[in-house]
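Let's take a friendly walk through a protein and its DNA. Have your viewer ready.

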Amino acid sequence: MLVHDTPDGRAAGRIVEVEAYRGPADRAAHSSGGHRSARNEVMYGPAGHAYVYFVYGMHHCVNVVTQGPGVPEAVLLRALEPLDGLDLMRRRRGLPGAPEWRLCRGPGALCQALGIARGENGADLRRGPLRLVAGPPVPARDVARSPRIGIDYAGPDVARPWRFYVRGVRAVSGRRR
DNA sequence: TGTCCGATTGGT
DNA sequence: CCAATCGGACAG
């Protein structure tokens with residue numbers, strides 16, 4: 001589960017959709033070809049920290065860095081099933097009467113709902129206001145996989161089935177089967 | 001400096 | 001299908 005405590009309150013959700021980005025050899029990754037810059041610097045740091053970036057001039061996306069220093073791999077968090085702070089999420093999203101499955105569906109939506117932005121880039125997800133917390137295990141049979149979304153530029157890696165999501169969950173973005 | 005385009009979203 | 005919106009990447 002992902003939890004974020006801020007002065008406005010707590011917002012949290014169960015992670016139900018992710019994508020793996022596998023470093024220099026993965027054409028879809030920001031670290032493709034060993035590319036390194038101020039933007040993706042956190043990917044090169046220790047595992048367990050948040051890599052937050054800004055895209056399309058208006059959205060943020062959050063990743064969990066997954067490998068040790070020098071190995072730029074990460075997992076993009078694409079959707080959460082809201083668990084706590086639903087009204088706070090609705091306020092942040094500007095969707096007063098939205099059903100819960102709409103609040104954190106999609107990487108940009110999830111960041112807006114939890115109040116995640118540039119300030120959270122590099123945050124230690126093991127402790128602190130933005131953190132990962134263990135929840136009930138998801139049985140392997142409930143996890144489905146598919147190609148990743150929005151990476152048509154990735155050439156040979158477009159079809160790699162590195163998107164994982166929980167079956168039957170409405171909060172999952174994109175194709176759910 | 002200039003141009004191109006994006007790990008998206010929400011509405012037509 | 002398309003616009004919104006701006007910072008990063010890269011060519012010159």
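We start at the DNA and then turn to the pockets.

This is a predicted model, in which local features need pLDDT of at least 70, side-chain atom pairs count only at pLDDT 80 or more, and totals for chains, interfaces and linings use all residues. Residues are numbered from 1 along each chain as its sequence is written, chains are lettered from A and ligands numbered from 1 in the order written, and side-chain values use heavy atoms, without hydrogens and water.

Around DNA strand C you will find His-35, Ser-37, Arg-39, Tyr-56, Gly-57, Met-58 and Arg-118, where "near" asks for a heavy atom within 4 Å. Of the strand C atoms within 4 Å of the protein, 67% belong to sugar or phosphate and the rest to bases. Look at the polar contacts (N or O atom pairs within 3.5 Å): a polar side-chain atom of His-35 sits 2.8 Å from a phosphate oxygen of DNA strand C, and one of Ser-37 lies 3.0 Å from a phosphate oxygen of that strand. Tyr-56 instead offers a polar backbone atom, 2.3 Å from a base oxygen of DNA strand C.

Tyr-56 also leads us to the largest pocket, being one of the residues closest to its centre, along with Tyr-53, Val-55, Cys-61 and Leu-76. This pocket holds about 470 Å³ of space, and α3 gives the most to its lining, with four residues.

The second largest pocket has a volume of about 170 Å³. Four of its lining residues, the largest share, come from β2.

Key:
Polar contact = N/O pair within 3.5 Å; in protein donor to acceptor, adjacent residues only side chain to side chain. 1 Å grid on protein atoms, 1.4 Å probe; cavity = no way out; pocket = protein on both sides within 12 Å on 5 of 7 lines; lining within 4 Å. Points joined across faces, edges and corners; volume = space filled by probe spheres on them. Helix = DSSP H or I, 4+ residues; strand = E, 2+ residues; numbered from the N terminus.
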